[in-house]
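Subject: Structure handover

Hello,

Here is the structure for you to take over. My notes on it follow below.

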Amino acid sequence: MAMARQFSQEQLRVRPSSKEEAVVRSAQEHFERTLVRVRGELVGSVAALEHPRKSDAANYGEVFLRDNVPVMLYLLLQGRYEIVRNFLNTCLDLQSSTYQTRGIFPTSFVEENGSVLADYGQRSIGRITSVDASLWWPVLCWLYVQKSRDVEFGTSQRVQRGVQLLLDLVLHPTFEGTPVLFVPDCAFMIDRPMDVWGAPLEVEVLLYGCLRSCCQLMELAQKNALSRLLEQRLVLTREWLHELRRFLLKHYWVTSKTMQVLRRRPTEQYGDHQHENEFNVQPQVIPPWLQDWLENRGGYLIGNMRTGRPDFRFYSLGNSLACLFGILTAPQQRALFRLVLHNRQHLMAQMPMRICHPPMAMDEWADKTGSDPKNWPWSYHNGGHWPSLLWYLAGAVLIHEQRYPRADVLLMGQMRAMLEECYWSQLNQLPRQQWAEYFDGPTGTWVGQQARTYQTWTIVGFLLLHHLLRVEPQDVSLLNIGD
Ligand code: GLC
């Protein structure tokens, strides 16, 4: 125990750099430039400050909801509540009211010639369906209410109506009859074809965070004025949450031990009394790399569960969020940390952290992505490295330490040491590489072929990491959405 503590303190002392302050200061300056106004008020950040080919500015000049998650959290830490409220309000104004999409929040928006233009997927490349933005909104709203204590906003009719509209989208009968949200390919941060249709981890984990936050907001309103309808909605939402967590832990969580059972399960099971292999997964689909990946004591949530075709790829964001939202139990979270340490050369390499592992190789890439050149093996979503993802893992580690201060001090010391080194990699490289959006190749050394520079969530992700590791680790409690 003592050794672990000494180790992490040692890490904190190594490599002092006079550069550090200058890098943080310039990141802060870039960040200020990303903030934009809508109808004269600051509402959030554009996705990137610079695009390689400005003529094809595409949509990187827009305010993306998902890219603004770290932005809003950073603003909350700084006490700049008004901008966060403006952001939440603007999104509410844009919550769709047309019949076929009622209740969904836009992926992005922009002010053009005095009017606000929103994209719900109908303007995007490939006309994809966007789901994560809608699920993030209640989470951000609840974190804002919790931190700013703006109960008036949280209980306002506007917010409560937005929550109900969103819940209508989720809590209704479906053909599957499961607690997961069934989505097409490209429905979240991975917004190009990557064979992530069905019940991708990130969407389901966000659904959990969304429902939990909706419950918190409804409970707040319920305290103000009792309503029978709201009470019914609360009961249903809580039940759904419970079922969803059970479903994810049962079907997505794998360890070396569970794999040994899964490999020897019977197949072709019919009827409701046989439930060892509900999704009829053939042992042949279990990839050989999984053995070393899991080693003895590692565990993680797999990427997707579908009839006969689970996706065993590792997705960094979904797994980090599953810790933050408390879906994984404490021992499961530590198994995940062990897995990250064990596979550090893949997940972190030169630029932490890889979005999804392993990448699809050529044949599969051609087939599953429609030969998408952006998602070439080892690039972009297909095994690329995204600096913006690291702070989510750091948040998961710090919140774990806060919740369970005495658990496995040696492991947590190793995690801290790893985060410290990753922080230094970013500190040294990101300014030189102009805060690029993503990095390519098996070690993540090369700036992504089509990466934008001065990408907002790269900049603000680094600032959050700096805040959590250097300024105030206790502030990680901001991310607590409650039990
Ligand atoms: C790309 C990313 C997406 C991000 C957007 C704006 O489309 O795949 O996740 O939100 O860029 O940065």
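A pocket here is an open set of grid points where a 1.4 Å probe fits, with protein on both sides within 12 Å along at least five of seven lines. A volume is the space filled by probe spheres set on those points. Keep in mind that this is a predicted model.

**Second largest pocket**

By that reckoning, the second largest pocket has a volume of about 530 Å³. Its lining counts 32 residues. Nearest its centre lie Tyr60, Ile125, Asp191, Arg192 and Tyr380. By class, the lining of this pocket splits into 13 nonpolar, eight polar and eleven charged residues.

**Largest pocket**

The largest pocket holds about 650 Å³ of space. It is lined by 27 residues, and those closest to its centre are Ile104, Leu169, Val170, His172 and Leu181. Two elements, helix 5 and helix 7 (157–170), each give two or more residues to this lining. Helix 7 gives the most, with five residues. The class count for the lining of the largest pocket is 16 nonpolar, eight polar and three charged.

**Aromatic contacts**

There are 19 aromatic pairs in the structure. One of them joins Phe105 and Trp137, whose rings are stacked, with 4.9 Å centre to centre and 10° between the planes. Why look at this pair? Phe105 sits in the loop between helix 4 (81–94) and strand 5 (108–112), while Trp137 belongs to helix 5 (residues 132–148), so the pair ties together parts that are 32 residues apart in sequence. Phe105 and Trp137 are both buried.

Elsewhere, one aromatic cluster is made up of Trp289, Trp293, Tyr300 and Phe314. There is also a charge over a ring: the charged end of Arg306 sits over Trp197, 4.2 Å from the ring centre.

**The hairpin of strands 5 and 6**

Strand 5 and strand 6 (residues 115–119) run antiparallel, and five bridges join them. Val110 has Leu117 in strand 6 as its bridge partner. Two residues lie between the strands of this hairpin. Asn113 in the hairpin takes a positive phi near 45°.

Over to you.

Best wishes

Methods: Residues numbered from 1 in each chain as written. Predicted model: local features only at pLDDT ≥ 70, side-chain atom pairs only at ≥ 80, totals over all residues. Heavy atoms only, no water. Phe/Tyr/Trp six-rings, centres within 6.5 Å; stacked < 30°, edge-to-face > 60°. Helix = DSSP H or I, 4+ residues; strand = E, 2+ residues; numbered from the N terminus. Buried < 20%, exposed > 50% of the residue type's maximum accessible area, 1.4 Å probe, protein only. Lys NZ or Arg CZ within 6 Å of the ring centre and 35° of its normal. 1 Å grid on protein atoms, 1.4 Å probe; cavity = no way out; pocket = protein on both sides within 12 Å on 5 of 7 lines; lining within 4 Å. Nonpolar A, V, L, I, M, F, W, Y, C, P; charged D, E, K, R; others polar. Pairing = 2+ DSSP bridges.
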